[in-house]
Amino acid sequence: MNSAEPQQPTTILVDRLLDGTDQPPRRSMAIDCSGGRIDAVRPARPGEAGTGTFEFADHTAVPGLVDAHTHLVFDASIGPRVVPADTAADLKARATANARAALQSGVTTVCDVGGPDEIVFGLRDAVASGRLEGPRIVAAGRVLTSADGHGAAFGRVCAGRGTAAVRAAVRSGVEAGSELIKVMVTGGGSGDAAGLQFPAPELVAIADEAHRLGLRVAGHCHGTVGIAACVAAGFDRIEHATFMTSHGSRFDAVITEQIVNAGIVVCPTNAVDYRRIEQTGSEKGLAQRSQLVPTWRALVAAGVTVIGGSDAGVTGMAHNDYALVPRLMVDELKMSPTEAIRACTSRAAAALGLGDDVGTLTAGSAADIVVVAGDATRNVAALQRPTMIMRAGRMIRSCR
């Protein structure tokens, strides 16, 4: 595969099209592509056909899916995600296979929010150059964490404490190739979720240093105290946002209003543990979905900008299962199908700084296109069975 090769002009004809913008779905549309980009999105002409034309009756075209929270080196097992015996070759092979699996499921862009620099940056660059097949990758590299903190096994552990130390850690990440600074603000989703792994002044310094260098900052946050600290520090994204307290998940309307006013994006990773519960039949040891779902639903109802992220690689979440995320956004968070699709395409792309290039089906955008049977604007579960996938004008799958 060489994604740098010129792509032949292609026209895709569909009954329905949702372009990822605020425009309503349109009927009987054509998408003209060449050179890996979209030339035009226009009404189809009667009887239109010919060489390079792909016609899909009773199908819907949507932008390529954007998974804003994934871990390509993780193995998606219920047990350990990465074990000490894993070699660099093991991690590279796994990350490569996971990237291909994501692409084959309709995910054309991912944000890897935590993994070894040498693996995820190398994979990102190999895909960008066309040496490997996969979705385009925005990579955080090693997460910023404290000594013995959550994620320390694959983290960029701060050498010492204080604002100077954390600023140096941010610079180290940027020098290594980070395109996003991911910070473990709290612990995981269990008993260590309530406290802060960094004091408030250090979180402010992290955000300030990252913004000074032109990067966004995402905070891994379960505890309510951590979420409030991210807001106060000026973070761009909050991951998970489970509002965990010593009494379980409790929605906080005051902090949520601050999130909305600050324009902070929330990536709830709302499918996490869903497959694990399916596989084990138990929520033992897990945060209770009966509490988490109402919390996330309240975030949506309050007007928070919610984006799609799978957390693929952890807790039984496979890299080819991202379409579960918009399905659960509809079924559990009560978003409309079009809102859920936008959360997993254009809004996720914008949160990655790619909104001018991917996430929409508009003239000039990258030709990242997914076509599914039926009306996805009414049945978002159709995204779980893509008929056609195009990434930068290259046909990845076409079952006509």
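Hi everyone. Let me start with a definition: a residue is called exposed when its relative accessible area is over 50%, buried when that area is under 20%, and partly exposed in between. Arginine 212 has a relative accessible area of 54%, so arginine 212 counts as exposed. Please keep in mind throughout that we are looking at a predicted model.

Let's stay with arginine 212 for a moment. Which residue forms a salt bridge with arginine 212? The partner is glutamate 209, and the closest N and O atoms of the two are 2.6 Å apart. Both residues belong to helix α4, which covers residues 200-212. They are 3 residues apart there, about one turn of the helix. Is glutamate 209 buried or exposed? Its relative accessibility is 2%, so glutamate 209 is buried. This salt bridge therefore joins a buried glutamate 209 to an exposed arginine 212. The two are also part of something wider: Arg167, Arg171, Asp208, Glu209 and Arg212 are linked in a network of salt bridges.

As general background, side chains of opposite charge can pair when their charged atoms come close. Across the whole structure, a search finds 21 salt bridges, and I'd like to show you two others.

One of them is between glutamate 239 and arginine 237, with the closest N and O atoms 2.8 Å apart. Here glutamate 239 is buried, at 0% relative accessible area, and arginine 237 is buried too, at 1%.

The other is between glutamate 118 and arginine 142, where the closest N and O atoms are 3.7 Å apart. This pair links distant parts of the chain, 24 residues apart. Glutamate 118 is in helix α2 (residues 117-129), while arginine 142 is in the loop between β7 (136-139) and β8 (143-145). Glutamate 118 is exposed, with a relative accessible area of 53%. Arginine 142, at 23%, counts as partly exposed.

Arginine 142 also brings us to a cavity. The count comes to 1 cavity of 30 Å³ or more, and the largest cavity holds about 50 Å³ of space. Its lining is made up of Ala140, Arg142, Leu144, Arg156, Ala169, Ser178, Leu180, Ile181 and Lys182. What kinds of residues are these? They divide into 5 nonpolar, 1 polar and 3 charged. Strand β10, residues 180-184, gives the most to this lining, with 3 residues.

Now for a sheet. In general, strands of a sheet pair through backbone hydrogen bonds, either parallel or antiparallel. In this model, 7 strands form an open sheet with mixed pairing, in the order β3-β2-β1-β4-β16-β17-β18. The edge strands are β3 (37-43) and β18 (394-398), and each of these pairs on one side only. Neighbouring strands of the sheet are turned by 35° against each other on average, direction ignored.

Let's look at the β3 edge. Strand β2 (residues 26-34) pairs with β3 in the antiparallel sense over 6 bridges, and aspartate 32 has alanine 40 in β3 as its bridge partner. β2 and β3 form a hairpin with 2 residues between them. In that turn, glycine 35 has a positive phi of about 60°.

Further along the sheet order, strand β4 (residues 53-63) meets strand β16 (residues 369-373). This pairing is antiparallel as well, over 5 bridges, and valine 62 stands opposite valine 370 in β16.

That's my tour. Thanks for listening!

Technical notes
Residues are numbered from 1 along each chain as its sequence is written. This is a predicted model: local features need pLDDT of at least 70, side-chain atom pairs count only at pLDDT 80 or more; totals for chains, interfaces and linings use all residues. Side-chain values use heavy atoms; hydrogens and water are left out. On a 1 Å grid over the protein atoms alone, a cavity is a set of points where a 1.4 Å probe fits but cannot get out, and a pocket is an open set with protein on both sides within 12 Å along at least five of seven lines; lining residues have an atom within 4 Å of a point. Grid points are joined across faces, edges and corners, and a volume is the space filled by probe spheres set on the points. Helices (H or I, at least four residues) and strands (E, at least two) are DSSP runs, numbered from the N terminus. Ala, Val, Leu, Ile, Met, Phe, Trp, Tyr, Cys and Pro count as nonpolar, Asp, Glu, Lys and Arg as charged, and the others, Gly among them, as polar. Two strands pair if DSSP finds at least two bridges between them. Axes are lines fitted to C-alpha atoms, for helices over the stretch in contact, and angles run from 0 to 180 degrees between N-to-C directions. A salt bridge is a side-chain nitrogen of Lys or Arg within 4 Å of a carboxyl oxygen of Asp or Glu. Buried means under 20% relative accessible area, exposed over 50%, partly exposed in between (1.4 Å probe, protein chains only).
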